[in-house]
Structures are given as C-alpha cells and as structure tokens.
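Please walk through the fold shown below, beginning at one side chain stacked over a ring and moving from there to the strands, the metal site and the core.

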Amino acid sequence: MKSHLLLLLSFAGAATSLSSLAVSQARPFPGPDVQQIYRRLLPQIDKIPAFDHHAHPGFSDDPDVDAMAAPPDASAALRTRGDNPELVAAAKALFGYPFDDLSPEHAKWLVAKKAELKKQYTGTDYFNMILDKINTESSVANRAMMPNYLDPKRFPWVFFADSFMWPFNNEHETARNPDEGVFIPLQEKMLHRWMQQENVNKLPAKFGDYLEFIVRVLEDNQKKGGIAMKFEVAYFRPTTFSDPTRQQAEDIYDRYVSDAAPAEQEYRTFQDYIFRFLVTQGGRLNLPVHIHTAVGIGDYFNLSQSNVMNLESVLRDPRYHSTMFVLIHGGYPLEREAVWLAAMKNVYLDSSFGELAQYPSAFKQTLKMWLETFPDKITFGTDCFPYNEVLGAEESYWLGAESSRMALAAALAEMISENEITETRALELAHAYLHDNAVKLYGEKVH
Ligand SMILES: [Zn+2]
C-alpha cells in the first residue's frame, strides 16, 4: 500500500516530464521509420555546439599533454590502432587530405599541411579553429600543465591529483611490472613540479604541513583556471579505498618521509587517507573530482582491481555529498553498472573512450541505455590525444565527436520509433548530453 502511494506520488511529480513522452505504450522494436528519423535528427544534432568533458588537446611533441605516458609495446584495441581507415576520413574532413591511405610518403603531405596551417593560425587560433570545425564550443584540457597555445576560454584545465599519493620511496611500486616502471616515475615528476610551483624544495617534515601543501596546490591551480581535479589512480593501484584515521596516515608519513620504502599495505593505507582528503577538499573548494573508470592502456592494467563498482563506498558516502564526481569513460566496459551510480545527485558520467573503443553501432546501445536511465547525468567527451606527428589530437577530436553525434542520433531515433519519447524531447536530451549537463557542473566557469 505504502509503496503504491509512493509510486503515485512520484508519478504526480513527474507529470511535466510525462507530458513530453509519447502517448502510447513503448514497443520493443523500432518501426520502419527509424532510418528516416535518424536522417532527420543527425543534421540537427550536428548543429548543437558541444562541451567536450574529457580530452587531451595538444601537439604530439608536447610532454605536458598528459601526466603519464603509454607504456612501450602496449596492445591497442582494433579501432584505436593507427591503421584505422576512419582516421583517413578524419584527415580528409579536417584538412582536405587527398589520399586514401596513410603510407609514410602520403603522411608527409598531412604533416606539411598542418605546419602550413599553424603558420596561418598562430597562437591560440590553431586549436580554436579545430574546435570550430567539429562544432565544439569548449573542450576540457586534461593536461599536466597548460601551454600558451590553448585559449583558456575554450580549453578549461583539469589538472592531475594522483601524485600526492606517491610521496615516498617508490622502488617497490616501480618494480611491480614494466607499466609501473613507466607510470610511477612520471608521478614522482608531477609531485616535484607541484613542489616547485609552491617553492617547496623537500617534503615537509610534518604531516600537517604536507596536507597544507596539497591544499595550496589545489587552490593555486584553481586560481590558474583549473575547473576540476583528475585521478587516474586505477593505472597505479586497486581502486578499493579503506577508511584510515588521520593518525594512521600521520604515523606512516612520519616513518617514511625521509627515505625507506614502505611495505605495500602501509603505502596503500596512506594513499587511502590522501585520496579521501582530496575528495573532501574537492567538495570544500567546489572543485569536481574526475576519476578514470574504465579499461586502461598497458597490458598490465588490472580490470578487476579497477572495477568502477569499487568506488561505490566512496560515491555513496554521505560525508562527500558536496563533492561532485565525474566517472570518466563511464566505467567502460561496465557502463551498465556505472550508470546506476549516477543515481547519486553528485555523480555524473562521461562517455569518452567508449565512442572510440566501440564502433557507433555498439556505442549507440551504451548511449541508449544511459539515456533511458539517468539522461540528466550523462556527458559527452572525446578523450582526444595526439598519437603521433601524423595523427594528432585533431583527428581524434574529429573521430570522437563524429562517432558520438552519430550514435546519439541513432539511439534517439530508436527511442522515438519505439514510442519512448517524442522528437522534441529527443532534441532536449541531445542538448543535455552534448553540452548542458556538463556545463551546469561548473557554473559560470565554462560555457
Ligand atoms: Zn583521457
């Protein structure tokens, strides 16, 4: 009885959104009109200026594009390989590339064309021009540091916060496998850069001073235009976080601040405290917390230990209700589970990488399932990255944006044809996913 009443109440509350639904009951198959609806929707969706919630813009010779690097000889999924012919289509669309392959001889044309355009579009104009071509209004720049060739008005900075968790002697962490041998030294480098920024030449002797140093970095990065902090912690250790006391963390800090390498369990306990400290600061400073939640590059990336659901105890912890979380890459390939975490008012999903790892026919299914669950909590991103001198952030921006818009139009066309929503509602959902849901997270700071 009580549950019936609740159901009725929630129906009454949803009256306005119900009126925008189709009048008859939803059906399990799209009708013969689905292709026609898709063709009608796609040009309208192409016209929506996008906000790219996760990307690594920059030139291939810029070491600050990411705080870490791909380990050598890492396996890449089929569509993310350099020989994907769709990248030829990207070069044609963006630069008028006249060839049908990327042979070394032909690739020279593309390198020369980009060099010519960089002379024509100087300073911040080059990447602004690329955004214009793909109809992206602004794109997050998730980078180690910002370069002077990205316009901060269109490329808001998301900085990396992992390195605060690796302040000690990391010889055990680095030796764990060849991937960590690449990743951990880069975290040490990042921590040193934050120390340089704050004129700190060695780790503070007292734990309280170390925490104050962390807060100063967050506040200064925010003053420099940082809109969020990003964790890629899943690359370096399991994402299960225990809940140690400050005293426990302080004891470990006191023991290892000078030189000796902590045992793995002690190091983890310390890191668990620092992670939760950063999450709390994210709420206090109104600095959303982005977390990599998906498969990752490198053959040693441990899928089960980085399962997005490991984060549930943190995300559903009422102590962090004022921290906004963005699950970068939407937990892929566990995106079906991940969307239910967005039931929390402060949890959002980003779809980047899903649109590249999957072809549009499969990514359409992901988006459709998300749109049917929490459409107000899902956001668009490309995860663009400058792979090499030939295939740059430009081509991956294009492929990510094109794939997402296509999959979005296809998902919505099916939902319309299956009597789930009206065409008007579909376009509202398209605006929300491509732009509005993410932008509202940052208030006046982005547009
Ligand atoms: Zn990324």
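In this predicted model, Lys377 lies over the face of Tyr348, at 4.9 Å from the ring centre. Tyr348 belongs to strand β8, residues 347-350, and both faces of this strand are covered, since Val347 and Leu349 on one side and Tyr348 and Asp350 on the other are all buried. In a regular strand the side chains alternate between the two faces of the sheet. Strand β7, residues 325-328, runs parallel to β8 and is joined to it by three bridges, with Val326 standing opposite Tyr348. In the loop that lies between β7 and α13 (335-341) one finds Pro333, which is joined to Tyr332 by a cis peptide bond with omega of about 5 degrees. A second lysine placed over a ring is Lys118, which lies over the face of Tyr126 at 5.9 Å from the ring centre.

The zinc ion is coordinated by NE2 of His54, NE2 of His56 and an OD atom of Asp383, at 2.0 to 2.2 Å. Along the sequence these donor residues follow the spacing H-x1-H-x326-D. Because His56 lies in the loop between β1 (50-52) and α4 (86-95), whereas Asp383 lies in the loop between β9 (378-379) and α16 (393-417), the pair ties together parts that are 327 residues apart in sequence. His56 and Asp383 are both buried.

What, then, fills the interior? The largest nonpolar core has 127 residues, and the members that touch the most others are Phe164, Tyr210, Phe213, Ile214, Phe231, Ile274 and Leu412. Helix α16 gives the most to this core, with 14 residues. Apart from it lies another core, of 13 residues, which includes Val158, Ile328, Tyr348 and Ala438. In soluble globular proteins, nonpolar side chains tend to be buried together. Within the largest core, Ile274 may serve as an example: leaving aside its neighbours within four places in sequence, Ile274 is in contact with Phe164, Met165, Phe207, Tyr210, Leu211 and Ile214.

Aromatic side chains deserve a separate look, as a search of the whole structure finds 35 aromatic pairs. One of them is the tilted pair of Phe168 and Tyr267, 5.2 Å centre to centre with 45 degrees between the planes. This pair links distant parts of the chain, 99 residues apart, with Phe168 in the loop between β4 (157-160) and α7 (171-175) and Tyr267 in helix α11, residues 264-284. Phe168 counts as buried at 5% relative accessibility, and Tyr267 counts as buried at 0%. Phe241 and Phe275 form a stacked pair, 3.9 Å centre to centre and with 5 degrees between the planes; Phe241 comes from the loop between β5 (226-231) and α10 (246-256), while Phe275 lies in helix α11, 34 residues apart. Both Phe241 and Phe275 are buried. One aromatic cluster includes Phe164, Phe168, Tyr210, Tyr267 and Tyr273 among its members.

Two backbone details remain. Most residues other than glycine have a negative phi, and most peptide bonds are trans. Asn199, in the loop between α8 (178-197) and α9 (207-223), has a positive phi near 55 degrees, and Asn199 is exposed, with a relative accessible area of 71%. Asn286, in the loop between α11 and β6 (289-292), likewise has a positive phi of about 55 degrees, but Asn286 is partly exposed, with a relative accessible area of 49%.

How values were computed
Residues numbered from 1 in each chain as written. Predicted model: local features only at pLDDT ≥ 70, side-chain atom pairs only at ≥ 80, totals over all residues. Heavy atoms only, no water. Donors = N, O, S within 2.8 Å, 3.2 Å for Na, K, Ca; no water. Helix = DSSP H or I, 4+ residues; strand = E, 2+ residues; numbered from the N terminus. Buried < 20%, exposed > 50% of the residue type's maximum accessible area, 1.4 Å probe, protein only. Core = buried A, V, L, I, M, F, W, Y, C linked by side-chain atoms within 4.5 Å. Contact = heavy atoms within 4.5 Å. Phe/Tyr/Trp six-rings, centres within 6.5 Å; stacked < 30°, edge-to-face > 60°. Lys NZ or Arg CZ within 6 Å of the ring centre and 35° of its normal. Pairing = 2+ DSSP bridges.
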